[in-house]
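This report goes through a pocket, the strands beside it and the nonpolar cores of one protein chain. The sequence and structure come first.

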Amino acid sequence: MKIIIFDLETSGLNPYHDDIIEIAMKVLGSEEQFTCLLRPKSNECISLTITTLTGITNEMLVKDGLRWEDAYQLMNAWLFSVKGADDKIAMVSHNGESFDFLFLKRMFNDLNKLKIKSFPIHKIIPIDTLLLAKRLISGRSTYRQSTLCQQYDIETKGSHRALNDVIALEQLYVALATKLHDELGKRRKPIEYP
């Protein structure tokens, strides 16, 4: 099964009303990736707060951003092109359960409304590194991606640009998955037979 690391930059923090302004996806352990800027679906300008956080300007979106319909279709086609042999993929995102995965579902719904066959949501296994970190590392005051990356000495230069966040998240996911594997190995002792 292919594992896709993904991140979205958005016009705000409400996954039901705000717009996606950047998409980045990368196949774990490979150079296969998809990234694009897109113009807000609402046609509203992004705020100075979002520009300050992400470095993405309204001018960039007008000049380099794709129409949302085109961006969604390209992303969807890319997912179909990288799916695993069993047609399933795992998608890894930080805070995905309450943010990125909700936006992803909205994108698929919008594609279906355009009569475009979207990647089947039931063939996606969502992995939220925020929840994984809370399970594996107790007692932290924050589980933000940037602070978890600091713990594992992962470079976060250019954070809040989707592809940069994906590259850092890929390393964080590997570190957390390794920690989980080590913990499971300690608890699962092989049965010795005479």
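## Pocket, strands and cores

The largest pocket of this predicted model holds about 640 Å³ of space. Its lining is made up of 25 residues, and D7, H94, N95, H160 and D165 are the closest to its centre. Two or more lining residues come from each of β1 (2–10), α1 (48–54), α4 (96–113), α6 (145–151) and α7 (162–187). The largest share, four residues, is given by β1. Sorted by class, the lining of the largest pocket has nine nonpolar, eleven polar and five charged residues.

Strand β1 is also paired with β2: the two run antiparallel and are joined by seven bridges. Within this pairing, L8 stands opposite I23 of β2. On β2 there is a second antiparallel pairing, with β3, through five bridges. Here K26 has Q33 in β3 as its bridge partner. β2 and β3 form a hairpin with five residues between them, and G29 in the turn has a positive phi of about 75°. As for cover, eight of the eight residues of β2 are buried.

The two strand pairings of β2 are set out below.

| Strand pair | Direction | Bridges | Bridge partners, one pair |
|---|---|---|---|
| β1 and β2 | antiparallel | seven | L8 and I23 |
| β2 and β3 | antiparallel | five | K26 and Q33 |

In soluble globular proteins, nonpolar side chains tend to be buried together. The largest nonpolar core in this model has 28 residues, and those with the most contacts inside it are I23, M25, M75, L79, M91 and L104. At least two residues of this core are supplied by each of β1, β2 (20–27), β3 (33–37), α3 (68–82), β4 (89–93) and α4. Another core, of 22 residues, lies apart from it, and includes A24, C149, I154 and A162.

Which residues does I23 contact, leaving aside its neighbours within four places in sequence? They are D7, L8, F34, T35, C36, L38, M75, M107 and A162. One of these contacts of I23, D7, is among the residues closest to the centre of the largest pocket. Another, A162, belongs to the core of 22 residues.

Helix α4 also carries a charged residue, D110. Is D110 buried or exposed? D110 counts as buried because its relative accessibility is 7%, and the cut-off for buried is under 20%. Beyond its neighbours within four places in sequence, D110 is in contact with K41, W68 and Y72.

Definitions and conventions: Residues are numbered from 1 along each chain as its sequence is written. This is a predicted model: local features need pLDDT of at least 70, side-chain atom pairs count only at pLDDT 80 or more; totals for chains, interfaces and linings use all residues. Side-chain values use heavy atoms; hydrogens and water are left out. On a 1 Å grid over the protein atoms alone, a cavity is a set of points where a 1.4 Å probe fits but cannot get out, and a pocket is an open set with protein on both sides within 12 Å along at least five of seven lines; lining residues have an atom within 4 Å of a point. Grid points are joined across faces, edges and corners, and a volume is the space filled by probe spheres set on the points. Ala, Val, Leu, Ile, Met, Phe, Trp, Tyr, Cys and Pro count as nonpolar, Asp, Glu, Lys and Arg as charged, and the others, Gly among them, as polar. Buried means under 20% relative accessible area, exposed over 50%, partly exposed in between (1.4 Å probe, protein chains only). Contact means heavy atoms within 4.5 Å. A nonpolar core is a set of buried Ala, Val, Leu, Ile, Met, Phe, Trp, Tyr and Cys residues joined through side-chain atoms within 4.5 Å. Two strands pair if DSSP finds at least two bridges between them.
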